[in-house]
Amino acid sequence: MSPQTLVPVLLYHSITPTGAESRDPFAVSEAGFREDMEAVQASGRVPLTARQLGACLRGEQPLPEHAIALTFDDGFADFADVALPILDKLSLSSTLFMTTGYFDQPGMLSPAALRDIAADASLEIGAHSVTHPHLDLLDASKQLKEAVDSRKHLEDLLGMTVDSFAYPHGSHSRRTRSAIAEAGYINAHAVKNAISHQTDDCLAVARFTVVTDTEREQVARVIGATGAPISWKGERLRTRGYRLARRLMAGARS
Ligand SMILES: [Zn+2]
């Protein structure tokens with residue numbers, strides 16, 4: 001058997017411009033992000049969009065031996081102002097997963113700004129739900145509505161096909177996976193903080209989240225396909241236990 005081809009998939013949220021401050025524990029500084037992207041370029045890995053990676057995982061395209069994917073969740077305005085210019089300068093393709101209910105909120109992209117950047121051929125726009133819920137805690141019809149409505153909103157706005165999705169909080173169950181497929185998505189990204197690979201699930205691609213406190217050396221190791229576990233099949237017991245805990249907390253609040 002040939003050795004497994006590993007595919008690091010990095011997940012970023014806000015990229016804080018130099019000179020600005022952020023208290024968001026997920027925000028990565030512009031300098032840190034630039035260093036990560038220079039490491040990606042120096043690694044010689046080929047950046048794939050979510051759609052390209054999905055096609056490789058389904059065997060429709062050969063998976064490059066050294067692939068990587070760069071993804072961004074939620075739709076922060078600083079993606080257009082800070083991250084994308086760095087990606088473009090280094091000729092790195094990426095995917096931006098938009099939470100459509102966040103449009104025009106403070107610090108988030110406007111529909112017009114998204115339309116502008118969507119013209120960038122190296123950028124894929126995917127959906128990330130309407131209201132950013134833990135989808136696996138919703139009933140099936142609500143999960144489907146989040147998946148369908150966010151897709152339709154983006155397709156109507158951009159006039160292009162949206163067939164990639166990222167689960168908010170990475171949360172998904174078998175039922176969520178079915179809802180996503182029923183809504184017409186063929187690619188979906190999870191979190192797992194693991195390295196994806198050639199036999200990963202194209203509807204639950206593993207990603208590694210880079211946050212404020214992540215050390216640059218660790219990002220470099222993940223780019224090298226070490227520094228995080230290899231994605232596993234199915235969901236861990238721990239994930240199911242976590243869902244139960246979140247359900248109990250949601251019940252306690254309502
Ligand atoms: Zn998100």
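**Exercise 1. Work out whether His128 is buried or exposed, then see what His128 binds.**

Step 1. Start with the yardstick: buried means under 20% relative accessible area, exposed over 50%, and partly exposed in between (1.4 Å probe, protein chains only).

Step 2. His128 has a relative accessible area of 1%, so His128 is buried. His132, at 14% relative accessibility, counts as buried too.

Step 3. Before going on, know what you're looking at: this is a predicted model, where local features need pLDDT of at least 70, side-chain atom pairs count only at pLDDT 80 or more, and totals for chains, interfaces and linings use all residues. Residues are numbered from 1 along each chain as its sequence is written, and side-chain values use heavy atoms, with hydrogens and water left out.

Step 4. Now look for donors, meaning N, O and S atoms within 2.8 Å of the metal (3.2 Å for Na, K and Ca); water is not among the atoms, so sites may look incomplete. The zinc ion is held by Asp74 (OD), His128 (NE2) and His132 (NE2), at 2.0 to 2.1 Å. Along the sequence, these donor residues follow the spacing D-x53-H-x3-H.

**Exercise 2. Check the length of helix H1 and find which residues of H1 are buried.**

Step 1. Helices (H or I, at least four residues) and strands (E, at least two) are DSSP runs, numbered from the N terminus. The expected span of a helix is 1.5 Å times one less than its number of residues.

Step 2. H1 (residues 30-43) has 14 residues and should span 20 Å; the end C-alpha atoms of H1 are 20 Å apart, so that agrees.

Step 3. The buried residues of H1 are Glu30, Gly32, Phe33, Asp36, Met37 and Val40. They cover an arc (taken from the directions from the helix axis to the C-beta atoms) of only 165 degrees, so they sit on the same side of H1.

Step 4. What do they pack against? Using contact as heavy atoms within 4.5 Å, their partners include strand S6 (67-74), helix H3 (77-89) and helix H7 (216-223).

Step 5. Right after H1 comes Gly44, with a positive phi near 80 degrees.

**Exercise 3. Find how many disulfides the structure has, and look at Cys56 and Cys202.**

Step 1. A disulfide is a pair of cysteine sulfur atoms within 2.5 Å.

Step 2. Searching the whole structure turns up zero disulfides. For Cys56, the nearest cysteine sulfur is that of Cys202, 11 Å away.

Step 3. Cys56 counts as buried at 9% relative accessibility, and Cys202 counts as buried at 16%.
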